[in-house]
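Biologist: Could you pick one part of this model and walk me through it slowly? I'd like to know what sits there and what touches what.

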Amino acid sequence: MDKQNYEKRHRITGPRSMRVLEYYSLLSGLLIRRDRVAILSSTYFFINTESYSNYMKCKRVLIPSTIKTKNYRTGSSSEFEVEFKEIKINKDVDKSDLQ
């Protein structure tokens with residue numbers, strides 16, 4: 001399937017030297033990827049890509065339980081993945097604490 005059929009891209013306003021693109025699923029409306037590109041000089045750049053998947057419902061909020069990050073810099077790169085097994089929001093917070 002063509003990527004354009006299942007995701008929509010949005011450009012986010014940021015600092016002049018940085019371009020941020022977010023990709024959302026056309027089916028669910030959920031964020032599936034965020035790309036940040038910064039060209040800091042003619043010889044130095046930075047690219048960060050985060051992919052979001054396996055959304056879990058926690059209370060009434062959908063939160064990605066898998067986040068893959070790829071970083072590319074002039075002369076190096078790194079990649080890692082974070083997977084959450086359980087997500088809790090305000091577990092030990094009483095409603096009266098928020099008033």
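Modeller: Let's look at Glu-50 and Arg-34, which are both buried. Keep in mind as we go that this is a predicted model. The side chains of these two residues meet in a salt bridge, with 3.9 Å from N to O. Glu-50 belongs to strand 4 (residues 45-58) and Arg-34 to strand 3, so this pair ties together parts that are 16 residues apart in sequence. And there's company: salt bridges with shared partners join Glu-22, Arg-34, Arg-36 and Glu-50 into one network.

Let's stay with Arg-34 for a bit. Its home is strand 3. Why does Arg-34 count as buried? Its relative accessibility is 18%, and the cut-off for buried is under 20%, so Arg-34 falls on the buried side.

Now for another partner of Arg-34. Glu-22 forms a salt bridge with Arg-34, and here the closest N and O atoms are 2.8 Å apart. Glu-22 sits in strand 2 (residues 18-25) while Arg-34 sits in strand 3 (residues 31-39), so this pair links parts that are 12 residues apart in sequence. Glu-22 is buried, and so is Arg-34. The side chains of Arg-34 and Glu-22 also show up as a polar contact of 2.8 Å.

Which side chain makes a polar contact of 3.1 Å with the side chain of Arg-34? That one is Tyr-52. If you leave aside the neighbours within four places in sequence, the residues in contact with Arg-34 are Val-20, Leu-21, Glu-22, Asn-48, Thr-49, Glu-50 and Tyr-52. So on your screen, click on Arg-34 and look for Glu-22, Glu-50 and Tyr-52 around it.

Next, the residues on either side of Arg-34 in the numbering. Arg-33 forms a salt bridge with Asp-35, and their closest N and O atoms are 3.0 Å apart. Arg-33 counts as buried because its relative accessibility is 17%. Asp-35 is buried too, since its relative accessible area is 11%. If you're tallying salt bridges, the structure holds five.

From Asp-35 we can hop to Arg-11. These two are 24 residues apart in sequence, yet their C-alpha atoms are 9.7 Å apart in space. Arg-11 is part of strand 1 (residues 7-12). Is Arg-11 buried or exposed? With 62% relative accessibility, Arg-11 counts as exposed. Beyond its neighbours within four places in sequence, Arg-11 is in contact with Arg-19, Val-20 and Leu-21. You've met two of those names already, as Val-20 and Leu-21 are also among the contacts of Arg-34.

Now let's zoom out to see where these strands fit. How many helices and strands does the chain have? It has zero helices and six strands, so read from the N terminus the pattern is β-β-β-β-β-β. Strand 4, the home of Glu-50, runs antiparallel to strand 5, and 12 bridges join the two. As one example of who faces whom, Met-56 stands opposite Ile-63 in strand 5. Strand 4 and strand 5 form a hairpin with two residues between the strands, and there Lys-59 takes a positive phi near 60°.

Keep following the chain and you reach another hairpin. Strand 5 pairs with strand 6 (residues 76-83) over eight bridges, again in the antiparallel sense. Here Ile-67 has Val-82 in strand 6 as its bridge partner. This hairpin also has two residues between its strands, and Gly-75 in the turn has a positive phi of about 90°.

One last stop, this time on the surface. Ile-39, Phe-45 and Tyr-72 make a nonpolar surface patch of about 280 Å². Tyr-72 is found in strand 5 (residues 61-73), and its relative accessible area of 34% is why it is called partly exposed.

For the whole chain, 25% of the 99 residues count as buried. The accessible surface comes to about 7,900 Å², and carbon and sulfur atoms hold 50% of that. Among contacts between residues at least 6 apart in sequence, 18% join residues at least 24 apart.

Conventions:
Residues are numbered from 1 along each chain as its sequence is written. This is a predicted model: local features need pLDDT of at least 70, side-chain atom pairs count only at pLDDT 80 or more; totals for chains, interfaces and linings use all residues. Side-chain values use heavy atoms; hydrogens and water are left out. A salt bridge is a side-chain nitrogen of Lys or Arg within 4 Å of a carboxyl oxygen of Asp or Glu. Helices (H or I, at least four residues) and strands (E, at least two) are DSSP runs, numbered from the N terminus. Buried means under 20% relative accessible area, exposed over 50%, partly exposed in between (1.4 Å probe, protein chains only). Contact means heavy atoms within 4.5 Å. Patches are made of residues with over 30% relative accessible area and no salt bridge: like charges are joined within 9 Å, nonpolar side chains (Val, Leu, Ile, Met, Phe, Trp, Tyr) within 5 Å. Accessible areas come from the Shrake-Rupley method with a 1.4 Å probe; for residues, only the protein chains shown count as cover. A polar contact is a pair of N or O atoms within 3.5 Å; within protein, one must be able to donate a hydrogen and the other to accept it, and residues adjacent in sequence count only if both atoms are side-chain atoms. Two strands pair if DSSP finds at least two bridges between them.
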